[in-house]
Amino acid sequence: MPVYLDHAATTWVRPEVTDLLIEQMASAGNPSSVHAYGQAAKMRLEAARVRIAKALGCDHNEVVFTSGGTESNNLAILGLYEARNRRGQRPLIYFLGTEHHAVLEPIEHLEKFAGAEAREIPVDSAGHPDLDWLEADLLANADSAALVTAIYANNETGTIVNLPDIVALCKRLQIPVHTDAVAAVGHIDVNFRDLGASTLAFTGHKLGAPIGVGVLLVGRDVHLCAQQFGGTQERAMRAGTQNVAGAEAVALAVELAVGELAAHRITWEKLRDQLIDSAKRVAPDLVIGGDSSDDSSKRLSNIVNLVFPGCAGDSLLFLLDSAGVAISNGSACTAGVATASHVLLAQGFSQRDAGSCVRVSFGATTTSQDLDALLSALPEAYSKAKAAGFTV
Ligand SMILES: Cc1ncc(COP(=O)(O)O)c(C=O)c1O
């Protein structure tokens with residue numbers, strides 16, 4: 001099998017989680033049923049909620065189970081916007097241009113169909129938001145602001161934004177803050193209570209749980225309107241029979257990821273720095289598409305975005321894939337479509353350089369042999385991709 005260095009797209013289900021799923025999927029019981037089977041399912045679901053709350057520093061009833069990161073982000077953006085606009089006219093949504101499409105597209109939807117006005121918070125070349133701009137704009141428009149959303153750690157570049165400062169500013173002005181923490185949970189310390197955001201989205205499949213289960217943390221005092229109907233599950237915010245085994249899988253995966261984080265970080269940082277040094281020797285004009293400082297509070301250890309000027313990112317991806325190494329050219333959701341990274345464009349990269357990047361990402365199973373395989377395939381892939389140049 002090829003070497004896998006695309007853990008930010010999705011990662012292996014942890015063996016402990018597979019064992020749990022096999023065991024728990026054999027049990028029947030709808031947590032809304034009153035009989036013993038239903039109550040047993042409800043107890044398992046609530047236990048999963050408590051474990052997630054403990055791992056991420058929140059109250060168990062702040063944990064809302066969903067089908068994944070996309071749904072969690074949609075629910076937060078659409079639900080906060082609706083709730084805020086029921087209590088007065090607040091059309092403004094502040095966001096970063098570096099957000100995932102699961103955040104950008106619900107905002108576009110609200111612009112088209114609900115009279116929202118999106119305001120893009122400028123970011124610097126590493127993806128850090130301009131907080132002075134945000135403060136000035138919010139101060140001038142606090143009464144019309146529905147919400148602010150900011151991706152906690154970027155899934156394409158690994159840049160970690162200064163979310164506590166954004167939350168502190170918005171708290172002063174009583175504006176809710178949502179954060180897409182899909183790339184953050186399990187990869188940096190996340191404590192919902194200390195952070196003080198209104199809502200926080202994450203998904204199981206980036207942590208070792210299966211695809212199709214996610215969580216939205218919703219502060220206990222936050223007003224959020226449901227976006228799907230047909231039941232009162234999940235504090236009446238997310239109708240539908242809960243996926244009990246999936247919830248247990250996410251709980252176990254989060255516990256494992258959080259428990260092993262310190263050790264993984266040491267490994268990932270070493271691999272990340274070795275990758276950057278070696279890639280610079282292959283391509284001296286290499287640029288890091290994200291924060292490249294020594295400050296570990298500003299960049300993830302497991303995601304590296306490498307911009308190879310003059311090479312199409314897609315060419316590099318295909319050449320490395322044929323050499324037996326799986327990486328990504330950015331967000332998995334846009335992979336396969338040869339477009340420049342919207343994240344790097346938002347950071348001010350040229351169209352060409354934003355199309356010249358690849359993303360390498362590490363996970364719990366990554367070893368130094370995986371990196372060796374990439375580094376031995378890189379020189380040839382780079383020279384071929386450089387010779388091919390751009391087709392468009
Ligand atoms: C930052 C970010 N947000 C949201 C999502 C969507 O999550 P899901 O695949 O669980 O729908 C992803 C997935 O790649 C992501 O990287």
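In this predicted model, helix H3, spanning residues 69–86, gives the largest share of the shell around the ligand, namely three residues. The full set of surrounding residues is Gly68, Gly69, Thr70, Asn73, His100, Ile151, Asn155, Asp180, Val182, Thr203, His205 and Lys206. Sorted by class, this shell holds eight polar residues, two charged ones and two nonpolar ones.

Some of these neighbours come up again when polar atoms are paired with the ligand. A side-chain N or O atom of Thr203 sits 2.7 Å from an oxygen atom of the ligand. For Gly69 it's the backbone that takes part, with a polar atom 2.8 Å from a ligand oxygen. Asn155 joins in through its side chain, where an N or O atom is 3.5 Å from an oxygen of the ligand. As for cover, the ligand on its own would expose 390 Å², and the protein buries 89% of that area.

Next come the sheets. One is an open sheet of seven strands, and reading across it gives the order E2-E8-E7-E6-E5-E3-E4, with mixed pairing. Strand E2 (63–66) and strand E4 (117–121) are the edge strands, and each has a single partner, so one side of each has no neighbour in the sheet. Going from one strand to the next, the twist averages 20°. Within this sheet, strand E3 (residues 92–96) and strand E5 (residues 145–149) run parallel and are joined by three bridges. Leu92, for example, has Ala145 in E5 as its bridge partner. Helix H6, made of residues 163–172, packs on the sheet and touches both E5 and strand E6 (177–180). The direction of H6 makes about 160° with that of E6.

There's also an open sheet built from three strands, in the order E9-E10-E12, and here the pairing is antiparallel. Strand E9 (287–288) and strand E12 (357–361) stand at its edges with a single partner strand each, so each is left with one side lacking a neighbour in the sheet. Two bridges link E9 to strand E10 (residues 303–307), and the two strands run antiparallel. Ile288 finds its bridge partner in E10, at Leu306. Helix H9, covering residues 244–282, packs on this sheet and touches E9, E10 and E12. The direction of H9 makes about 10° with that of E10.

Terms used. Residues are numbered from 1 along each chain as its sequence is written. This is a predicted model: local features need pLDDT of at least 70, side-chain atom pairs count only at pLDDT 80 or more; totals for chains, interfaces and linings use all residues. Side-chain values use heavy atoms; hydrogens and water are left out. A residue is near a molecule or strand if one of its heavy atoms lies within 4 Å of it. A polar contact is a pair of N or O atoms within 3.5 Å; within protein, one must be able to donate a hydrogen and the other to accept it, and residues adjacent in sequence count only if both atoms are side-chain atoms. Accessible areas come from the Shrake-Rupley method with a 1.4 Å probe; for residues, only the protein chains shown count as cover. Helices (H or I, at least four residues) and strands (E, at least two) are DSSP runs, numbered from the N terminus. Ala, Val, Leu, Ile, Met, Phe, Trp, Tyr, Cys and Pro count as nonpolar, Asp, Glu, Lys and Arg as charged, and the others, Gly among them, as polar. Two strands pair if DSSP finds at least two bridges between them. Axes are lines fitted to C-alpha atoms, for helices over the stretch in contact, and angles run from 0 to 180 degrees between N-to-C directions. Contact means heavy atoms within 4.5 Å.
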